[in-house]
Amino acid sequence: TAAVNLSCIWHNLEYMDCTWHPGANASSDTNYTLFYWFDGLKNEKKCSNYSMHQGISRCSFSLSFPKVSNTYPTIRFLIRDDSEEIRPMCASKNPTTLVKPATPKRVTLSKINGGIHVEWSESDTFPEDCLFYEVEYHNGDLDTTHKITVKDNAVSIPSTDPNSKYTFKVRAKPELECYSSELSSDWSEEMSIGEKMDSVFCFVLIITIPLIVAVSTIILLFYLKRLKILILPPIPDPREILKRMFGEQNEDSQVSRKL
């Protein structure tokens, strides 16, 4: 009947978010309550921000320590129900193993000296030098993805293709010297810079441009021929003129004889 699978994440050194499953033999109306305490607290504290989704219980509570602190006390948890039929569940966790940084915000891209400069806002909850960042980017014309690891909140990518579109995203990770956590932040929203010519548009251009040139050439030749006729009309053939004249005279003489 005891709660099982307790999992907690310390988000951005600001609040702890814990989830657990009900015991296999617990009744559906079991009302679990989470308590926590650590060295420095006079009394245990009760978590009150509860929610449930698909049978999984969740509770969040504020948790922060001074930034100058190099060590963090072990946090102890107790999950129980008021009913004596529900066994309590106890657990202890090292908070440094639960740290998950917030997603980097305000990611900006700019073109500088033929390259791309990427910058994002720093976290104001982590001690200095306790975070590093992974920057992932790809060229829209290629399928290859590049990843760069940096300590600062900015990086420059030199010698980029000015005619290609580049897409970037950033995430933060705790330094092992500060925290034992292997959790990364969520990736930031993808940001793009540059323009990539659409493949369909390119295909349409390849088909349309020669067609336009061919039609334009035919129309131009037609008008040039008409213009040539207007400027330089054809000179009549003298033989045709004489033939026509004598032919008309013969017809007139034949008519006169009949009369």
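Before anything else, let me fix one term: by a polar contact I mean a pair of N or O atoms within 3.5 Å, where, within protein, one atom must be able to donate a hydrogen and the other to accept it, and where residues adjacent in sequence count only if both atoms are side-chain atoms. Please also keep in mind throughout that what we are looking at is a predicted model.

With that term in hand, let me start at D81, which sits in the loop between β7 (75-80) and β8 (89-93). A polar atom of the D81 side chain lies 2.8 Å from the backbone nitrogen of N31, and the D81 side chain also reaches the backbone nitrogen of S83, again at 2.8 Å. What, then, is the nearest side chain of opposite charge to D81, and how far away is it? It is R80, at 7.7 Å, and D81 is buried yet has no salt bridge.

R80 does have a partner of its own, however, since D82 forms a salt bridge with R80 in which the closest N and O atoms are 3.7 Å apart. That separation counts because the cut-off for a salt bridge is a side-chain nitrogen of Lys or Arg within 4 Å of a carboxyl oxygen of Asp or Glu. As for the surroundings of this pair, D82 is exposed, with a relative accessible area of 69%, while R80, at 30%, counts as partly exposed.

Let me stay with salt bridges for a while, as the count by this rule comes to seven. One of them joins R58 and D17, with the closest N and O atoms 2.4 Å apart. This pair links distant parts of the chain, with R58 in strand β6 (residues 56-62) and D17 in strand β2, 41 residues apart. R58 is partly exposed at 36% relative accessibility, whereas D17 is buried, with a relative accessible area of 11%.

Another salt bridge is the one in which the side chains of K151 and E175 meet, at 2.8 Å from N to O. K151 lies in the loop between β13 (145-150) and β14 (154-157) and E175 in the loop between β15 (166-174) and β16 (191-193), so this pair ties together parts that are 24 residues apart in sequence. Are these two residues buried, exposed or something in between? K151 counts as partly exposed, at 41% relative accessibility, and E175 counts as buried, at 13%. There is also a network to mention here, in which salt bridges that share partners join E136, K147 and K169.

Strand β2, where we found D17, spans residues 15-21 and also holds H21. H21 is partly exposed, with a relative accessible area of 32%, and the C-alpha atom of H21 is separated by 7.3 Å from that of L6, a residue 15 positions away along the chain.

Turning now to the surface, which residues gather in a patch of negative charge? They are E119, E122, E128, D129 and D152. Within that group, D129 is found in the loop between β11 (115-119) and β12 (131-139), and D129 is exposed, with a relative accessible area of 53%.

The surface also carries a nonpolar patch, formed by L211, V215 and I219, with about 270 Å² of accessible area together. V215 is found in helix α1 (residues 199-231) and counts as partly exposed, at 42% relative accessibility.

Finally, a word on the backbone, for which some background helps: most residues other than glycine have a negative phi. Two residues deserve a look in that light. L13, in the loop between β1 (4-11) and β2, has a positive phi, near 60 degrees, although L13 is a residue other than glycine. R106, which is not a glycine either, has a positive phi of about 50 degrees, and the place of R106 is in the loop between β9 (99-100) and β10 (108-112). As to their exposure, L13 is buried, with a relative accessible area of 9%, whereas R106 counts as exposed, at 66% relative accessibility.

To come back to where I began, the residue I would ask you to find in the structure is D81, buried and without a salt bridge, with its side chain placed 2.8 Å from the backbone nitrogen of N31 and reaching that of S83 at 2.8 Å.

Definitions and conventions: Residues are numbered from 1 along each chain as its sequence is written. This is a predicted model: local features need pLDDT of at least 70, side-chain atom pairs count only at pLDDT 80 or more; totals for chains, interfaces and linings use all residues. Side-chain values use heavy atoms; hydrogens and water are left out. Patches are made of residues with over 30% relative accessible area and no salt bridge: like charges are joined within 9 Å, nonpolar side chains (Val, Leu, Ile, Met, Phe, Trp, Tyr) within 5 Å. Accessible areas come from the Shrake-Rupley method with a 1.4 Å probe; for residues, only the protein chains shown count as cover. Lys and Arg count as positive and Asp and Glu as negative; His and the chain ends are not counted. The place of a charge is taken as NZ of Lys, CZ of Arg, CG of Asp or CD of Glu. Helices (H or I, at least four residues) and strands (E, at least two) are DSSP runs, numbered from the N terminus. Buried means under 20% relative accessible area, exposed over 50%, partly exposed in between (1.4 Å probe, protein chains only).
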